[in-house]
Amino acid sequence: MATKLGDMLVKSQLITPEQLEEAIKFQRRDGGKLGSIVVRQGYCSDQDIVSFLGMQYGVPAADLDQWPAIDPAVIALVPSELAHKHKVLPLQRSGNVLTLAMSDPTDIFAMDDVRFHTGYNVDPVVSSEIGLARAIERYYGGSSGLKLREDNPSISRGMSGAPAPAAPQAPVSSPFNFDEAPDEALDLKSFEEDMDADTEYDTLDEEDGDNINVAALSKMSEDAPVVRLANMVLIDAIRKGASDIHIEPYEKSYRIRFRIDGLLMEVMRPNLKLKDPLTSRIKILAKLNIAEKRLPQDGRIKLRVNLQGRQKTIDYRVSILPCLFGEKIVMRLLDNDSLMLDLTKLGFEPESLEQWNRQIDKPYGMVLVTGPTGSGKTNTLYSSIAKLNQPDVNIMTAEDPVEFNFAGINQVQMKEQIGLNFAAALRSFLRQDPNIILVGEIRDFETAEISIKASLTGHLVLSTLHTNDAASTISRLMNMGVEPFLVATSVNVICAQRLVRRICSNCKAVDPTVPPAEALRKVGFTDEEIGRLKIMHGQGCEICHKKGYKGRVGLYEVLEMSETLKDMVLTGASAIELREQAIKEGMITLRRSGCRKVLDGVTTIEEIVRETVV
């Protein structure tokens, strides 16, 4: 800020230079905000501080002791836990703008959190720390461990300058623990502290990749606010059920997004000065080279955390990519608890599940799962081998990376840099007396050829491909160079899949507006289905963060290779012809799978139209 609050108070002769010096000494010793300290010391009134805070921050000031009664509906927009955590109070709503009283209107973390929970844009006004605490107490009541005590002058500063409770005298057990980094253990209260707005960091010059000050990077990455911010991002992603974390630098901004239920949502915009310290912190946790800023890097963070009384182990797959204005970080969360290993609960239609189970129970042949990145292919394969995992069966997997560990299954991590790729692993597998082989992905002709030969010599081979639907998988294999007779004789079944968002079960309700019958027919509904269709939508609640969706469900298209289809492959039939024949034989397409789930009230028409085609 251009002018410090203390200088403004002295210049206006509200306090003397000696009183300012005394207040600063108190602040250095016990922490807290200068405005609250001078009020408690009796040097000036709370109303004086409010007006000067408005001038200091350049935003409107609000004296909450004189503020009219706030509408309970407005108070209900911000949960009590959030109000106590960030020391904020909603004052009024106008359209999609929520006026928010804050003691620090530069606290972007608090504003982003409120924006994320409420769905409204935030318009901050500044209020005194003490007046804000009184107002929060008045409208929300006390919050154990979070109430600001006016009679206690020792106020610890959190990460945003907002007051936090004094540290407890008794030691607090740590629910957080990074593997091989016990110094990172933090208690939950410390984890939720906000960032100190007064902390300054120097942005490093990234233009000269050969002149990186590693010592400066290491020092910045170990500063307490940066450590807390990194930890807060990692834990908040778990709480919100995110599958990926995106940390993205731009020329004049820096943002963090979470992928929740398949869609990216912005959760905060840290100060651009935090770009280098936060990137270095993530690299240190992932055991990567903090001095290397020119090349992509991949690593892994393992976090043990106790949330809501449950011990969880989360793996973060870290990918760092140099971009125009810095290094973009993407972290994929791998949570064993979120892995669904029951095929009956993934979303298969009964007919499709029967076909799938019939084919994976065969002693040999090839089983393929296809779909784009993030469509749940790995989950389907893991569920299948979990069903097949018996003491008398030797299962071997080649994966890049190994996402989850299974007892009784021999899993091999690919390492391209030393020549251990899918093809090399498959050759070795065939000398390891396997019954079932899982190949993470068929990427080239060599891998496809070995996989097919393995399936023709008495092994069940499961793998994935990237194609749009089940029928086009046949064409993809032949485009790789595999002969049609090998495809026809080896492939047992192909499953194409997508993930769509589930309607939130907590706020699900019947939508009174029904689209015209003609529009529903174009989507894929039959006349009989249109007559009994009840379209469900989520109204938006706290559980689903006002989105109306919570969780995801799979859409499945299972193509079982019949004798007719095999003959068509041998005669060079196109993917369109194969698809039409499979539908005649009873294949449920991705769109039909989606229509069934709309009829069952599981998802919405918008979701299936977004992910599938007729």
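The following questions and answers concern strands and sheets in a predicted model.

Student: Is strand S7 (residues 242-249) largely enclosed or largely open, and how many of its residues are buried?

Tutor: A residue counts as buried when its relative accessible area is under 20%. Strand S7 is largely enclosed by the rest of the structure, because the residues that meet this condition number 8 of the 8.

Student: Which residues stand opposite Ile-247 in S8 and in S12?

Tutor: Strand S7 runs antiparallel to strand S8 (residues 254-260), with 7 bridges between them, and a hairpin of 4 residues connects the two. S7 also runs antiparallel to strand S12 (residues 326-335), to which 4 bridges join it. Opposite Ile-247 one finds, in S8, Ile-256 and, in S12, Ile-329.

Student: Which strands stand at the edges of the open sheet S1-S2-S3?

Tutor: The sheet has 3 strands in the order S1-S2-S3, and its pairing is mixed. A strand with a single partner has one side left without a neighbour in the sheet, so the edges are formed by S1 (88-94) and S3 (121-126).

Student: What is the bridge partner of Val-97 in S3?

Tutor: Strand S2 (residues 97-102) and S3 run parallel and are joined by 6 bridges. Within S3, the partner of Val-97 is Asn-121.

Student: Which helix packs on this sheet, and what angle does its direction make with that of S1?

Tutor: The helix in question touches S1 and S2 and comprises residues 129-140. It is helix H8, and the angle between its direction and that of S1 is about 70°.

Technical notes: Residues numbered from 1 in each chain as written. Predicted model: local features only at pLDDT ≥ 70, side-chain atom pairs only at ≥ 80, totals over all residues. Heavy atoms only, no water. Buried < 20%, exposed > 50% of the residue type's maximum accessible area, 1.4 Å probe, protein only. Pairing = 2+ DSSP bridges. Contact = heavy atoms within 4.5 Å. Axes fitted to C-alpha atoms, helices over the stretch in contact; angles between N-to-C directions.
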